[in-house]
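Subject: Structure handover

Hello,

Here is the structure I promised to pass on. Please open it next to this email, and then read my notes below.

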Amino acid sequence: MKIKVSEDLNQNSEVLFLGIFEEDKENYQKFSKELANELQKALKEKTFSKKFGEIYSTRLPNLSSKKVIVLGLGNENEFSAEKVRQALGKAVNQTKNYKLTSFSTNIVLLANSLNKINPESLGRAAAEGILLADYSFTKYLAKERQEKKKPLDSVSLQWKSSSTLLTKGIKTGKVIAESTNFVRNLVDEPANVVNSLFLEKVAQKIAADSDKIKLKVLDKMELQKEGLNALLGVNLGSDNSPKLLILEYNGSDKNGYTALVGKGITFDSGGYNLKPTKYIEDMKTDMAGGAVVLGTIKAAAELGLKKNLLGVVPVCENMVSGSAQRPGDIVKAYNGKTIEIGNTDAEGRLILADALAYTEAKYKPEVMIDLATLTGACVIALGYYAAGMVGKDEKLLNELKFAGLESGDKVWELPFFDEYQDWMDGSISDLNNISAKGKGYEAGSITGGVFLSKFVEKAKWVHIDIAGSAYWAVDGDYLRKGATGSGVRVLSYYLLGN
Ligand code: BES
Ligand code: MN
Ligand code: ZN
């Protein structure tokens, strides 16, 4: 798929997408009298309005395009970079529905005329909307069905003469979107393919592709030697070996790391606290946090980010067998704290606990951000359209919130009041992996964060719960049912902006 920039509206592409704001009264009169007449009629008959997302489809005999589509852009004041993503996502989807392979559009140029989104941000948003909408997971489909979902050939964006900033934005957006799609692919792949060895190979490939990345892998023996017992306990029921993957990205001569730590449960059966039907089926996605960490390091290298990063992914499989961990077992984590396994299905926090403590002890990062499909409670609280976050560093929380709003990959802060902070204390151990207070499930996303906080000492830390945002059961404009790669955009925008 190619994204082109051109001064004139490329009328040779198969579909022409023309944006129209509510404030626009010209109705493309100058462009085509015929179109203007049609539009005026449709507006009068109310079969079309200029509300955001409304579509008027026609064909103009004197144009070579097979379709001309006028897309309502809504109110100028409400327009945003996110609406650029959505509008271009809709354009991609429409073009594919018509089984066509290219379109050109003036939407980005129109957005620029509002003078409120800078050209670079427009380029980023446009590339993201287009490339994210163009993704689909088809490798297990027969050829004919693959054909229907195959990527577009090209998109042409109309722009004025100097396109330096726009092109720069497109380049950045392309890297971010392609890394996001790389993550979506990993998350959509089933767990009989994506096991710990597979993820290790993915990390190897990322390291091999950049001279600024080094990979360190702790295998079972080293994990035992170092005492990452909380992580080891989760993997006891699996035939796949546990691993801790550590990617080191050196993009700056300055000291200090930002560590990204991602939950890499390749399948979460729940363990002996087995998940029931309707809850277990999608649990191949429980490595989404880990995949996001790998994808973000890959993006950082491709963007030439001038920062030092760590990408840390504890990889395990939460299975049932004669050797699996039992409810009631007690393990001693890497930092020496003892944990009673109140519930084998609260496994993500166990592997992250060791990963966070180990990363901090060995690398002393200034900032640690963990991402995890940690709690069903987060899906209940926020649905698909935002990840939850907790932490105590106001500045870091605000920077992430801002990056979320800018990128459309939203993260929303949940309260982390003092009253919550002893809810994960154990009765016969330092901690329990489920709350023993109340009914045990209240404020589940927050108490999950409380547990993790006990494994961070000095670093500025934020926990991001992507349980809802990582995998959608519904379609959107530029994301759809299935893996979304949620986390890559917010982290990339955050890292680029700091
Ligand atoms: N991986 C799940 C959380 C999850 C649920 C992710 C739905 C995506 C969609 C996690 O390991 C889990 O099972 N959490 C438990 C925690 C509970 C036992 C304290 C949950 O949410 O029920
Ligand atoms: Mn679980
Ligand atoms: Zn899980």
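Tyr272, Leu274 and Val320 form a nonpolar patch on the surface. Together they offer about 280 Å² of accessible area. Tyr272 sits in the loop between S10 and helix H10 (288-303). Its relative accessibility is 42%, so Tyr272 counts as partly exposed. Please bear in mind that this is a predicted model.

**The metal site**

Next, the manganese ion (ligand 2). Its protein donors are Asp268 (OD), Asp345 (O), Asp345 (OD) and Glu347 (OE). They lie 2.0 to 2.2 Å from the ion. Along the sequence, the spacing of the donor residues reads D-x76-D-x1-E. Six donor atoms surround the manganese ion (ligand 2), and the angles they subtend run from 72 to 168°. That spread makes the arrangement irregular.

There is a zinc ion (ligand 3) too, 3.2 Å from the manganese ion (ligand 2). Asp268 coordinates both. Asp268 and Asp345 link distant parts of the chain, 77 residues apart. Asp268 belongs to strand S10 (residues 264-268). Asp345 is in the loop between strand S13 (338-340) and helix H11 (348-363).

Are these two aspartates buried or exposed? Asp268 has 3% relative accessibility, so it counts as buried. Asp345 is partly exposed, with a relative accessible area of 23%; the cut-off for buried is under 20%.

Asp268 has a further partner. Its side chain meets that of Lys275 in a salt bridge (3.9 Å, N to O). Lys275 counts as buried as well, at 17% relative accessibility.

**Salt bridges**

How many salt bridges does the structure hold? The count is 19. Besides the Lys275 and Asp268 pair, a few others deserve a look.

- Glu189 and Lys139: their closest N and O atoms are 2.5 Å apart. This pair links distant parts of the chain, 50 residues apart. Glu189 is in the loop between helix H6 (164-188) and helix H7 (196-208). Lys139 is in the loop between helix H4 (119-133) and helix H5 (143-148). Glu189 counts as buried at 6% relative accessibility, while Lys139 counts as partly exposed at 48%.
- Lys395 and Glu399: here the closest N and O atoms are 3.3 Å apart. Both residues are in helix H13 (residues 394-407). They are four residues apart, so about one helical turn separates them. Lys395 counts as exposed, at 58% relative accessibility.
- Glu82, Arg85 and Glu128: these residues are linked in a network of salt bridges.

**Strand S18**

Last, take a look at strand S18 (residues 460-465). Five of its six residues are buried, so S18 is largely enclosed by the rest of the structure.

Which strands pair with S18? Strand S14 (residues 367-372) runs parallel to S18, and six bridges join the two. Strand S15 (residues 387-391) pairs with S18 in the antiparallel sense, over four bridges.

Val462 is a handy landmark in S18. It stands opposite Ile369. It is also the bridge partner of Gly391.

Start with the metal site, where Asp268 coordinates both ions. Then move on to S18 and its pairing with S14 and S15.

Best wishes

Methods: Residues numbered from 1 in each chain as written. Chains lettered and ligands numbered in written order. Predicted model: local features only at pLDDT ≥ 70, side-chain atom pairs only at ≥ 80, totals over all residues. Heavy atoms only, no water. Donors = N, O, S within 2.8 Å, 3.2 Å for Na, K, Ca; no water. Tetrahedral: all angles 85-135°; square planar, octahedral: opposite > 155°, others 65-115°. Buried < 20%, exposed > 50% of the residue type's maximum accessible area, 1.4 Å probe, protein only. Patch = residues over 30% accessible without salt bridge, like charges linked within 9 Å, V, L, I, M, F, W, Y side chains within 5 Å. Areas by Shrake-Rupley, 256 points an atom, 1.4 Å probe, with all protein chains shown as cover. Salt bridge = Lys/Arg side-chain N within 4 Å of Asp/Glu carboxyl O. Pairing = 2+ DSSP bridges.
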